[in-house]
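Trainee: Please take me slowly through one part of this model, and then show me how you would read the parts that come after it.

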Amino acid sequence: MEKLKLLSVLIFLAICHTSLAITDGLLPNGDFEQGPKPSQLKGSVVTAPNGIPHWTTSGLVEYIKSGQKQGDMVLVVPQGSYAVRLGNEASIKQRVQLSKGMFYSITFSAARTCAQDEKLNVSVTPTNERRDWGVFPIQTMYGSNGWEALSCGFRADYPVLDIVIHNPGVEEDPACGPLIDSVALKLLTSTRTRDNLLKNGNFEVGPYMFPNTPFGVLIPPQIDDAHSPLPGWTVESLKAVKYIDSKHFTVPEGKRAIELVAGKESALAQMVVTFVGRVYDLTFAVGDANNACEGSMMVEAFAGKDTVKVPYNSKGKGGFVRGKLRFKAVTTRTTIRFLSTFYTMKNDHSGSLCGPVIDDVRLLSVRYPRRIGN
């Protein structure tokens with residue numbers, strides 16, 4: 001009997017450890033399909049802090065069923081049947097067990113329901129970072145169904161920490177606030193290869209992407225995130241870039257790419273070690289994602305003070321061209337940067353912003369250059 005009890009305890013601990021040590025996928029009940037008991041609800045408002053399994057709530061949190069009405073508006077949930085809504089100063093959090101010192105990304109789905117200027121604050125605690133949190137303004141929506149997948153990165157300074165999603169807004173209606181669904185984690189690992197001086201130049205390593213949501217993942221500007229969820233790269237501009245996959249979009253190479261969705265406000269950069277006086281070739285692919293994004297596009301690539309513009313006439317059905325910039329390094333560190341010259345909208349009458357895709361970015365030293373421009 002004692003052996004049976006011990007075995008039961010060990011199995012229980014193993015199950016608990018497995019549920020906490022998430023490295024690639026949804027958090028336990030990350031899709032909120034497990035809901036509160038009827039006694040823990042007052043209408044749609046969650047009345048118990050631990051009413052939603054695996055989550056702790058604070059403030060006015062609502063448990064929303066897909067199809068539920070808000071006035072004349074029907075609330076849609078992107079996956080499954082349930083989501084949560086965060087009212088003024090409300091938050092949800094979950095404690096997770098991670099590998100100390102490793103880098104992770106958080107991906108979650110969000111939609112606004114009331115005000116144009118709704119925001120979300122995503123953080124991890126405890127942390128040694130002065131700024132290990134991300135603020136997501138969600139007034140600009142890039143998807144046509146009202147939902148976006150958003151991502152941020154962090155370093156696990158402790159083996160156990162809390163992931164917190166908080167609505168810092170103060171709206172006239174205290175119940176008014178963004179919807180949250182499908183919260184996932186991914187362990188981020190990436191190294192440079194011999195055939196590329198850039199890290200993660202093919203964008204294959206990045207935030208978790210939900211397998212059944214066809215709207216990609218937005219990566220926020222670095223000013224709103226201490227650690228990028230796209231290893232090696234930072235978003236230097238005011239607006240996000242979109243991380244897309246080959247399952248739902250057309251990408252030039254491999255399974256992942258970046259769509260520059262906000263014109264010159266959407267710039268992607270990486271700093272790399274260079275040798276003064278040495279000549280380098282920066283090559284890359286420019287195309288469209290096969291997502292009804294049509295028109296004349298232009299990607300500007302920078303290497304320090306050198307630049308090249310690569311035009312691409314998109315028919316919105318996929319395809320790409322190759323770009324190249326040869327330059328001579330003038331400093332020991334050179335910033336490689338990409339941005340889109342123009343603003344583009346999809347031709348599906350959704351008003352959604354879109355833009356050119358970049359992929360397969362390579363930087364190599366040229367051993368025997370004849371002249372710059374070859």
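**The largest pocket, and onward to the sheet**

Mentor: In this predicted model, the lining of the largest pocket is made up, by class, of six nonpolar, seven polar and one charged residues. The space inside that pocket comes to about 300 Å³, and among the 14 residues that line it, those closest to its centre are Phe103, His227, Ser228, Pro231 and Gly232.

From the pocket we can turn to the open sheet, in which five strands follow the order 17-20-25-22-23 with antiparallel pairing. Strand 17 (234-235) and strand 23 (306-315) each have a single partner strand and stand at the edges, so one side of each has no neighbour in the sheet. Further in, strand 22 (residues 294-303) and strand 25 (residues 333-340) run antiparallel and are joined by five bridges; phenylalanine 302, for instance, has arginine 337 in strand 25 as its bridge partner.

Strand 22 also leads us to the disulfide, and a search of the whole structure finds one. It joins cysteine 293 to cysteine 354, with 2.1 Å from S to S, and it links distant parts of the chain, since cysteine 293 lies in the loop between strand 21 (279-288) and strand 22, while cysteine 354 belongs to strand 27 (residues 353-354), 61 residues apart. The link is right-handed, with 85° about the S-S bond, and cysteine 293 and cysteine 354 are both buried. Cysteine 152 counts as buried too, because its relative accessibility is 3% and the cut-off for buried is under 20%.

Terms used:
Residues numbered from 1 in each chain as written. Predicted model: local features only at pLDDT ≥ 70, side-chain atom pairs only at ≥ 80, totals over all residues. Heavy atoms only, no water. Pairing = 2+ DSSP bridges. Helix = DSSP H or I, 4+ residues; strand = E, 2+ residues; numbered from the N terminus. 1 Å grid on protein atoms, 1.4 Å probe; cavity = no way out; pocket = protein on both sides within 12 Å on 5 of 7 lines; lining within 4 Å. Points joined across faces, edges and corners; volume = space filled by probe spheres on them. Nonpolar A, V, L, I, M, F, W, Y, C, P; charged D, E, K, R; others polar. Disulfide = S-S within 2.5 Å. Buried < 20%, exposed > 50% of the residue type's maximum accessible area, 1.4 Å probe, protein only.
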